[in-house]
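Welcome, and thanks for opening the viewer. Let's take a short walk through some aromatic side chains, one selection at a time.

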Amino acid sequence: MKQNKRQIQKENTKKKILQAAYVVYSGEGFGAATNRIAKEAQIAHGSIFVHFPTVEDLKLSLLEQFGADINKQLHELAESYNLEEILYAHIEVLVKHQEFYKRLISESSLLPEQAKYVYLSIQSTVSFHLGQVVEKYQKEGKIKELPLHFIFNSWLGLLHYYLSNEKLFAPEDSVLDRYKDELVGNFLKLLAV
């Protein structure tokens, strides 16, 4: 069904709001006021609530969009069954969204309940794709027989530690971009038989 001009305009405004929320929440945190988002989007403040009845709805939509982006990129690589590639892809996705993701991991406890579930679902999706590759590698005897949750939590803990201490490790640039080879290489060595 073809959209009319008004529907297209409404959809474009919704996208502008989500892009602005992404920028504002990345820089100021999830507690930032909606008037900051409206200013960033260059729209009237009330327009936000035409598209998102509550702030929780806005945060939920933003996290769903973020999760879909991560899932899409990792899904394609998980099919190749290459552990090194999927670890690098995970880092690349996080580098692309680094400021937003840092806010997400540091402020996840402050998110609305439903948004917390979306955050957990994002982590579950990453775990699922990583798990597909890990299981194949374990069956082939390429890596240690460790529980999948331990492998995933170790990888995530490592990434989160570096992100949380970015100012210490890489004060001038992206910590994940700077240390990706070291992170992937050493993590693979830890898993190697």
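Is F187 buried or exposed? Select F187 and switch on a surface: at 4% relative accessibility, F187 counts as buried, because the limit for that label is under 20%. Do keep in mind along the way that this is a predicted model.

Next, add W155 to your selection. W155 and F187 form a tilted aromatic pair, with 5.0 Å from centre to centre and 50 degrees between the planes. Now colour by helix: W155 belongs to helix α8 (residues 148-164) and F187 to helix α10 (residues 175-191), so this pair links distant parts of the chain, 32 residues apart. Like its partner, W155 counts as buried, at 1% relative accessibility.

How many aromatic pairs are there? The count comes to 11. For another of them, select F66 and Y101. Their ring centres lie 6.2 Å apart with the planes at 35 degrees, so this pair is tilted, falling between the 30 degrees below which planes count as stacked and the 60 above which they count as edge-to-face. Here, too, distant parts of the chain are linked: F66 sits in helix α4 (residues 55-78) and Y101 in helix α6 (residues 98-107), 35 residues apart. F66 is buried at a relative accessible area of 4%, and Y101 is buried at 1%.

Keep those two selected and add Y22, Y25, F30 and F100. Together with F66 and Y101, these residues form one aromatic cluster.

For the last stop, select K142 and Y137. The charged end of K142 sits over the ring of Y137, 4.7 Å from the ring centre.

Technical notes: Residues numbered from 1 in each chain as written. Predicted model: local features only at pLDDT ≥ 70, side-chain atom pairs only at ≥ 80, totals over all residues. Heavy atoms only, no water. Phe/Tyr/Trp six-rings, centres within 6.5 Å; stacked < 30°, edge-to-face > 60°. Helix = DSSP H or I, 4+ residues; strand = E, 2+ residues; numbered from the N terminus. Buried < 20%, exposed > 50% of the residue type's maximum accessible area, 1.4 Å probe, protein only. Lys NZ or Arg CZ within 6 Å of the ring centre and 35° of its normal.
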